[in-house]
Amino acid sequence: NFTFNVSEVEADEIETFLDSRANDSDSFDFTAPGEATAQKFVCEGWSKSIPYNNRARISATFRQVFEP
């Protein structure tokens with residue numbers, strides 16, 4: 001589970017990306033905090049909230065996949 005605290009503009013970009021991956025069921029490379037290399041993941045779901053003006057929080061559940 002990951003939480004992104006970003007600007008509303010950045011949150012929109014993240015949501016657009018996650019929507020695209022949900023539509024095509026494609027995995028993506030992601031480097032988790034504290035990790036040195038990227039791994040393959042799919043996003044099983046996410047939610048977005050706007051707790052402060054011009055700030056957004058996206059909570060996402062990623063599942064690691066093993067594919068070439």
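The legends below accompany close-up views of a predicted model of a single chain.

**Figure 1. Overall fold of the chain, with 1 helix and 4 strands.** Read from the start of the sequence to its end, the elements of this predicted model follow the order β-α-β-β-β. The C-alpha atoms occupy a box of roughly 40 × 30 × 15 Å along the principal axes, and 28% of the 68 residues count as buried. Among contacts with a sequence separation of 6 or more, 51% join residues that lie 24 or more positions apart. About 4700 Å² of the chain is exposed, and carbon and sulfur atoms contribute 46% of that area. The chain carries 6 positive and 12 negative charges, and the mean positions of these two sets are 3 Å apart.

**Figure 2. The largest nonpolar core of the chain, a set of 14 residues.** The core members that touch the most other members are F2, F4, F28, F30, C43 and F62. Two or more residues of this core come from each of strand 1, helix 1 (8–24), strand 2 (28–30), strand 3 (39–52) and strand 4 (55–64). Strand 4 makes the greatest contribution, giving 4 residues to the core. In soluble globular proteins, nonpolar side chains tend to be buried together.

**Figure 3. F62 and its contacts with residues distant in sequence.** Once neighbours within four places in sequence are set aside, F62 touches F2, F4, L18, F28, F30, F41, V42 and C43. Several of these partners, namely F2, F4, F28, F30 and C43, are listed together with F62 as the core members that touch the most other members.

**Figure 4. V6 and S7, two residues of strand 1.** V6 belongs to strand 1, and S7 is likewise found in this strand, which spans residues 2–7. V6 counts as buried because its relative accessible area is 13%, a value under the 20% limit. S7 also counts as buried, because its relative accessible area of 19% falls under the same 20% limit. Apart from neighbours within four places in sequence, V6 is in contact with A11, I14, N54, R55 and A56, while S7, with residues up to four places away left out, touches N54, R55 and A56. The C-alpha atom of V6 is separated by 11 Å from that of P51, a residue 45 positions away along the chain.

**Figure 5. R57 of strand 4 and its polar contact with N5.** R57 lies in strand 4, and its C-alpha atom is 6.4 Å from that of V6, although the two residues are 51 positions apart in sequence. With residues up to four places away excluded, R57 touches T3, F4, N5, S47, K48, S49 and P51. One of these partners, N5, is also joined to R57 by a polar contact between the two side chains, at 3.0 Å. R57 is classed as partly exposed because its relative accessible area, 32%, lies between the limits of 20% and 50%.

**Figure 6. S25 and S27 in the loop between helix 1 and strand 2.** The two serines share this loop, S25 having its place there and S27 likewise, yet they fall into opposite classes of accessibility, with S25 exposed and S27 buried. S25 is counted as exposed because its relative accessible area of 62% is over 50%, whereas S27 is counted as buried because its relative accessibility of 10% is under 20%. Setting aside neighbours within four places in sequence, S27 is in contact with R21, K40, F41, V42, V65 and E67. S25 has a positive phi of about 55°, although S25 is not a glycine.

**Figure 7. N54 in the loop between strand 3 and strand 4.** The phi angle of N54 is near 65°, which is a positive value in a residue other than glycine. N54 is partly exposed because its relative accessible area of 49% lies under the 50% limit and over the 20% limit. From this loop between strand 3 and strand 4, N54 is in contact with both V6 and S7.

Methods: Residues numbered from 1 in each chain as written. Predicted model: local features only at pLDDT ≥ 70, side-chain atom pairs only at ≥ 80, totals over all residues. Heavy atoms only, no water. Buried < 20%, exposed > 50% of the residue type's maximum accessible area, 1.4 Å probe, protein only. Contact = heavy atoms within 4.5 Å. Areas by Shrake-Rupley, 256 points an atom, 1.4 Å probe, with all protein chains shown as cover. Lys, Arg positive; Asp, Glu negative; His and termini not counted. Charge placed at Lys NZ, Arg CZ, Asp CG, Glu CD. Core = buried A, V, L, I, M, F, W, Y, C linked by side-chain atoms within 4.5 Å. Polar contact = N/O pair within 3.5 Å; in protein donor to acceptor, adjacent residues only side chain to side chain.
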